[in-house]
Amino acid sequence: MARFDFTIHATDGAARTGEIAMARGTIRTPAFMPVGTAATVKAMKPQDVRAGGADIILGNTYHLMLRPTAERVARLGGLHGFMGWDRPILTDSGGYQVMSLADLTTRSEDGVTFKSHLDGARHTLSPERSIEIQRLLDSDIIMAFDELVPTSSTRDVQAAAMARSMRWARRSRAAFDAGGAHAERAAIFGIQQGALDEGLRRQSAEALIEIGFDGYAVGGLAVGEGQAAMFGCLDFAPGQLPADKPRYLMGVGKPDDIVGAVERGIDMFDCVLPTRSGRTGQAFTRSGPINIRNARFAEDQGPLDPDCACPVCARWSRAYLHHLVRAGEILGAMLMTEHNLFFYQALMNDLRGAIQAGRLAAFAQAFRASYARERMTA
């Protein structure tokens with residue numbers, strides 16, 4: 001098996017469908033990666049995540065660095081055995097926390113010093129340390145360390161963060177290449193930055209291509225700029241990256257975000273939305289999201305989504321799920337999460353099929369029209 005081999009099987013406009021072959025398994029693209037931040041996809045057993053259609057999941061450097069620590073995971077045989085997931089894992093570098101935990105961080109050219117949100121202890125993440133942690137976790141796809149700033153920042157701030165991210169990308173690549181046996185079986189992705197600015201995005205892409213990576217992420221989006229602005233950026237950003245490498249849109253997103261991003265050439269996605277929404281009572285359906293807490297579902301004997309083939313929709317009613325969630329029963333969070341993850345994977349499968357058949361535009365139009373129905377009737 002190749003260390004990392006990306007094959008495009010079909011295209012439809014800017015959209016592509018294909019496969020990434022790695023030692024621990026094949027990833028079908030476009031792919032959605034369930035988020036397992038702390039070595040668990042919340043409320044799910046690994047075998048059920050896989051049964052829902054996931055080929056790859058995501059873990060997080062920052063959180064696993066703090067608890068249980070990467071060194072402990074390494075001593076226990078690596079993240080895959082630790083959590084019971086034997087297929088590929090992509091690990092976020094910790095760069096997102098540079099922004100999301102900005103009040104707890106101090107930044108310098110060397111890296112970022114964090115004040116732990118758990119106990120106040122101080123930790124420093126540099127590009128070299130981020131790569132070391134991901135290597136200790138035995139990650140299959142390692143992300144370069146970057147500096148993320150809000151899209152609302154001034155252009156000068158955005159330009160400085162992009163330039164620093166590119167310097168850190170070079171250091172990340174060097175640290176990865178020094179990784180010995182792990183570097184021979186893992187892959188590393190660079191992260192394009194530049195907020196919504198086409199010129200900055202181009203500079204970032206050119207710098208990353210010069211360094212050379214196995215895949216390229218579009219970072220710095222889905223941080224409050226809105227769908228229209230995000231799509232505006234995706235109208236040019238993916239095309240600045242190599243066409244023969246996977247393109248990963250980090251932190252996205254809502255189902256209609258994913259459809260629009262696939263139309264614009266994105267191959268990989270991750271988002272906490274299906275799991276977080278499941279725990280708070282929101283279910284995704286082909287007619288749009290529903291809040292199962294709503295009183296109108298108290299005696300509704302139909303499934304969450306009549307068009308869904310997941311085990312939850314095959315067995316339990318909206319009324320029962322309404323009861324579980326309103327009562328705060330753990331099973332409610334588990335079943336809602338299982339349905340949502342199945343929904344996302346079914347959507348990815350449909351997108352792959354539509355691209356293969358050359359009918360993506362028709363599929364996307366029909367999906368958007370159907371997905372808006374629940375909002376119009378709520």
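Is Phe4 buried or exposed? In this predicted model, Phe4 has a relative accessible area of 14%, and because buried means under 20%, Phe4 counts as buried.

A good place to begin the tour is with the aromatic rings, which form 10 aromatic pairs. One of them joins Phe4 to Phe189 in an edge-to-face arrangement, with 5.8 Å from centre to centre and 90 degrees between the planes. Phe4 belongs to the segment before β1 (5–12), while Phe189 sits in strand β11 (residues 187–192), so this contact ties together parts that are 185 residues apart in sequence. Phe189 is buried as well, at 0% relative accessibility.

A second pair brings Tyr62 and Phe114 together. Their ring centres are 4.9 Å apart and their planes meet at 45 degrees, so this pair is tilted. Here helix α2 (residues 61–66) supplies Tyr62 and strand β8 (residues 112–115) supplies Phe114, so the parts tied together are 52 residues apart in sequence. Tyr62 is buried at 0% relative accessibility, and Phe114 is buried too, with a relative accessible area of 1%.

Rings can also gather in groups: Phe32, Phe284, Phe343 and Tyr344 are linked by ring pairs into a cluster. Elsewhere, a ring meets a charged residue, as Arg264 lies over the face of Phe231, at 4.2 Å from the ring centre.

Phe32 also leads to the strands. Strand β4 (residues 31–34) runs parallel to β14, and four bridges join the two; within this pairing, Phe32 stands opposite Phe269. Strand β13 (residues 247–249) is likewise parallel to β14, joined to it by two bridges, and Leu249 is the bridge partner of Phe269. Between β13 and β14 the chain passes through helix α10 (residues 255–263), making a β-α-β crossover that is right-handed.

What about the side chains of β14 itself? In a regular strand, side chains alternate between the two faces of the sheet. In strand β14 (residues 268–271), Met268 and Asp270 point one way, whereas Phe269 and Cys271 point the other way, and all are buried.

The last stop is helix α14 (residues 330–357). With 28 residues at 1.5 Å a residue, this helix should span 40 Å, and its end C-alpha atoms are 41 Å apart, which agrees. Following α14 comes Gly358, whose phi is positive, near 70 degrees.

Key:
Residues are numbered from 1 along each chain as its sequence is written. This is a predicted model: local features need pLDDT of at least 70, side-chain atom pairs count only at pLDDT 80 or more; totals for chains, interfaces and linings use all residues. Side-chain values use heavy atoms; hydrogens and water are left out. Rings of Phe, Tyr and Trp (its six-membered ring) pair if their centres lie within 6.5 Å; planes under 30 degrees apart count as stacked, over 60 as edge-to-face and the rest as tilted. Buried means under 20% relative accessible area, exposed over 50%, partly exposed in between (1.4 Å probe, protein chains only). A charge sits over a ring if NZ of Lys or CZ of Arg is within 6 Å of the ring centre and within 35 degrees of the ring normal. The expected span of a helix is 1.5 Å times one less than its number of residues. Two strands pair if DSSP finds at least two bridges between them. A crossover is right-handed if, with the strands pointing away from the viewer, the path from the first strand over the helix to the second runs clockwise.
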